[in-house]
Amino acid sequence: MTAAVFFGCTFIAFSPAVALFLLTIARDPLRVIFLIAGAFFWLVSLLLSSLVWFISVQISNKDSGSQQKGLLVFGVLLSVLLQELFRFAYYKLLKKANEGLLAISQEETMPISVRQLAYVSGLGFGLMSGAFSVVNILSNSVGPGTVGIHGDSQHYFISSAFMTLAIILLHMFWGVVFFDSCERRRWWSLGTVVCSHLFVSCLTFMNPQYEGSLIPTYMVLCVMAGWAFSCAGGSLRNLRLCLTCRDKDFLLVNHRPR
């Protein structure tokens, strides 16, 4: 039973992201490099937020429950802000890298478009974020022990898997909207991305009332998916053509910068 929980939750959390990687990124070495670099930037943001968190806990009063709870909220807010700061830093770095690749390339167009960079880097952020958020939970799912034996919720593992799935996809959509906002200098859009990230992260404080965190998170996911689709140049017409496999140029796997 524990093996079924482990593999089931793993597939729920990572199957869509792995499928996207295999279908749209794995065959292009340049995209793979940018994805790994995006994951590295997320790791650096995690390192800095963890360092600040560790120092804050050490100098705080560990016997004060309210102070420790306040530090937890502070840690979440700091982590989100650092992630978005490093997303912006990665955007600036990718712009410079793309200009350098264009300078040494014999082609007149950029080797990889900004929209592709946004998608690939967002997926890199999401995969690394999802791995760190659920890896310990998955390791505990193989046992020993039974979830809910003392009256706690029995939906802990599957709820964590669905939350991880949402976070991975949200990072991908946030990346697309974030890069598009930077390109068009729409600062209100950047603020919306940061605020939605903060909102989703703060929803986890409602656990173990999982319906209070999962339902709003997936509502935000649907909104951000539509927004990212629009930022990527999508419309109902090319969505219909893509779903029926009639517009090959619209598919990212065959896309070239235009």
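Two residues are said to be in contact here when heavy atoms of theirs lie within 4.5 Å of each other, and the picture that follows, drawn from a predicted model, leans on that criterion throughout. With neighbours within four places in sequence set aside, Ala228 is in contact with Phe173, Val176 and Val177. Ala228 itself belongs to helix H7, and its relative accessible area of 6% places it among the buried residues, because buried means under 20%. Along the chain Ala228 and Phe173 are 55 residues apart, yet their C-alpha atoms are separated by 5.4 Å.

Before following that pairing further, it helps to set out the chain as a whole. The chain holds eight helices and zero strands, so that, read from the N terminus on, its elements run α-α-α-α-α-α-α-α. Of the 258 residues in the chain, 41% are buried, and the accessible surface comes to about 14,300 Å², with carbon and sulfur atoms accounting for 68% of that area. When contacts are restricted to residues at least 6 apart in sequence, 74% of them join residues at least 24 apart.

The contacts of Ala228 lead to the packing of helix H5, which spans residues 156-184, against helix H7, which spans residues 210-231: their axes are 9 Å apart and make an angle of about 25°. Because angles under 35 degrees count as roughly parallel, H5 is roughly parallel to H7. The crossing by which H5 passes H7 is left-handed, and the contact of H5 with H7 comprises, by class, 21 nonpolar, three polar and one charged residues.

Between H5 and H6 the chain passes through a loop, and Arg185 has its place there. Arg185 is not a glycine, although its phi is positive, at about 55°. With a relative accessible area of 62%, Arg185 is exposed, because the exposed class begins over 50%.

Helix H6, residues 187-203, then meets H7 in a further packing, in which the two axes come within 9 Å and cross at roughly 160°. Since angles over 145 degrees count as roughly antiparallel, H6 and H7 are therefore roughly antiparallel to each other. H6, too, passes H7 in a left-handed crossing. On the H6 side the contact is made by Trp188, Ser189, Thr192, Val193, Ser196, Phe199, Val200 and Leu203, while H7 brings Gly212, Ser213, Pro216, Thr217, Val220, Met224 and Trp227. The residues of the contact of H6 with H7 divide into nine nonpolar and six polar, with no charged residue.

Another part of the chain offers a further helix pair. Helix H2 and helix H4 pack at an angle of about 50°, with their axes 7 Å apart. H2 and H4 are therefore oblique to each other, and H2 passes H4 in a right-handed crossing. From H2 the contact draws on Arg31, Phe34, Leu35, Gly38, Ala39, Phe41, Trp42, Leu43 and Leu46, and from H4 on Gln116, Leu117, Val120, Leu123, Gly124, Phe125, Leu127, Met128, Ser129 and Phe132. By class, the contact of H2 with H4 has 14 nonpolar, four polar and one charged residues.

One of the H4 residues in that contact, Phe125, can be followed in detail. Phe125 lies in helix H4, which covers residues 114-141, and its relative accessible area of 1% means that Phe125 is buried. Leaving aside neighbours within four places in sequence, Phe125 is in contact with Gly38, Ala39, Phe41, Trp42, Gln83, Phe86, Arg87, Tyr90 and His171. Ala37 and Phe125 are 88 residues apart in sequence, while the distance between them in space, C-alpha to C-alpha, is 9.1 Å.

Ser45 gives a second view from H2, the helix of residues 29-59 in which Ser45 lies. At 1% relative accessibility Ser45 counts as buried, and, once its neighbours within four places in sequence are set aside, Ser45 is in contact with Leu82, Gln83 and Phe86. Gln83 and Phe86 also appear among the contacts of Phe125, so these two residues link the surroundings of Ser45 in H2 with those of Phe125 in H4.

Key
Residues numbered from 1 in each chain as written. Predicted model: local features only at pLDDT ≥ 70, side-chain atom pairs only at ≥ 80, totals over all residues. Heavy atoms only, no water. Axes fitted to C-alpha atoms, helices over the stretch in contact; angles between N-to-C directions. Helix = DSSP H or I, 4+ residues; strand = E, 2+ residues; numbered from the N terminus. Parallel < 35°, antiparallel > 145°, perpendicular 65-115°, else oblique. Left-handed = near helix turned anticlockwise from the far one by under 90°. Nonpolar A, V, L, I, M, F, W, Y, C, P; charged D, E, K, R; others polar. Buried < 20%, exposed > 50% of the residue type's maximum accessible area, 1.4 Å probe, protein only. Areas by Shrake-Rupley, 256 points an atom, 1.4 Å probe, with all protein chains shown as cover.
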